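Me: I am new to this structure and should like to go through it step by step. May we begin once it is on display?

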Amino acid sequence: MLKLKDSPAPRYWSPPPEFAYLGEMSDEDFTLGFRYREIASGTPVEPTRRVVAAVYYIDVSNRIVRVHDPIFNRPGYVHQCFGVGRRSKTPAWYAVQLTFPDAKMALRSWVQGKDNRPDGDPLFPHVEGLLPTSAEY
């Protein structure tokens, strides 16, 4: 973990997890509204890296993306919000829900308002949305 130097008390933070975005989608994904898009996928080594992924845009600061789920070694879908969390003040794309095995489950969770709640599941950060720059979008 990295130590923040500007903090009066020692605090620790870790960068958001790096996602392995998947650039392929099924016919069902396309029917649900997913599209191929070039998106920001910065890493500490390549902060301006961009990748092509299957993306469902909710709004400028929210998206559902098709990713590789390393736990189950299969494709998954996760809602990401661009902004800052309570612990990390570094603007980035943060996961605000579980990685679901299919797009319908991820979309249903977002529609039902179960994602990114201030009083929500402590497993995921509450992210205060920000407008990403063109490099971060």
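## Surface, fold and salt bridges

Reply: Certainly. The model is a predicted one. The protein exposes about 8500 Å², and 57% of that area is supplied by carbon and sulfur atoms.

Me: How many helices and strands are there in the protein, and what pattern do they follow along the sequence?

Reply: The protein contains two helices and eight strands. Read along the sequence, these elements follow the pattern β-β-α-β-β-β-β-β-α-β.

Me: What percentage of the residues of the protein count as buried?

Reply: A residue is called buried when its relative accessible area is under 20%. The protein has 137 residues, and the share of them that count as buried is 38%.

Me: How many salt bridges does a search of the whole structure find?

Reply: Side chains of opposite charge can pair when their charged atoms come close. For a salt bridge, a side-chain nitrogen of Lys or Arg must lie within 4 Å of a carboxyl oxygen of Asp or Glu. With this cut-off, the number found in the whole structure is four.

Me: Is Arg66, which meets Glu24 in a salt bridge, buried or exposed?

Reply: The side chains of Arg66 and Glu24 meet at 3.5 Å, N to O. Arg66 belongs to strand 5 (residues 62-69), whereas Glu24 lies in the loop between strand 2 (12-13) and helix 1 (27-32), 42 residues apart. Glu24 counts as partly exposed at 43% relative accessibility. Because the relative accessible area of Arg66 is 11%, Arg66 is buried.

Me: Which helices are tied together by the salt bridge between Glu28 and Lys104?

Reply: The side chains of Glu28 and Lys104 meet at 3.4 Å, N to O. Glu28 lies in helix 1 and Lys104 in helix 2 (residues 103-111), so the pair ties together parts that are 76 residues apart in sequence. Glu28 is partly exposed at 41% relative accessibility, and Lys104 is partly exposed at 42%. The helices in question are therefore helix 1 and helix 2.

Me: Which strands does the pair of Arg50 and Glu38 link?

Reply: Arg50 forms a salt bridge with Glu38, with the closest N and O atoms 2.9 Å apart. The two residues are 12 residues apart, and the strands they link are strand 4 (residues 50-59), with Arg50, and strand 3 (residues 35-40), with Glu38.

Me: Which residues are joined into one network by salt bridges that share partners?

Reply: Arg66 and Glu24 meet in a salt bridge. Through shared partners, salt bridges join one network, whose members are Glu24, Asp29 and Arg66.

Definitions and conventions: Residues are numbered from 1 along each chain as its sequence is written. This is a predicted model: local features need pLDDT of at least 70, side-chain atom pairs count only at pLDDT 80 or more; totals for chains, interfaces and linings use all residues. Side-chain values use heavy atoms; hydrogens and water are left out. Helices (H or I, at least four residues) and strands (E, at least two) are DSSP runs, numbered from the N terminus. Buried means under 20% relative accessible area, exposed over 50%, partly exposed in between (1.4 Å probe, protein chains only). Accessible areas come from the Shrake-Rupley method with a 1.4 Å probe; for residues, only the protein chains shown count as cover.
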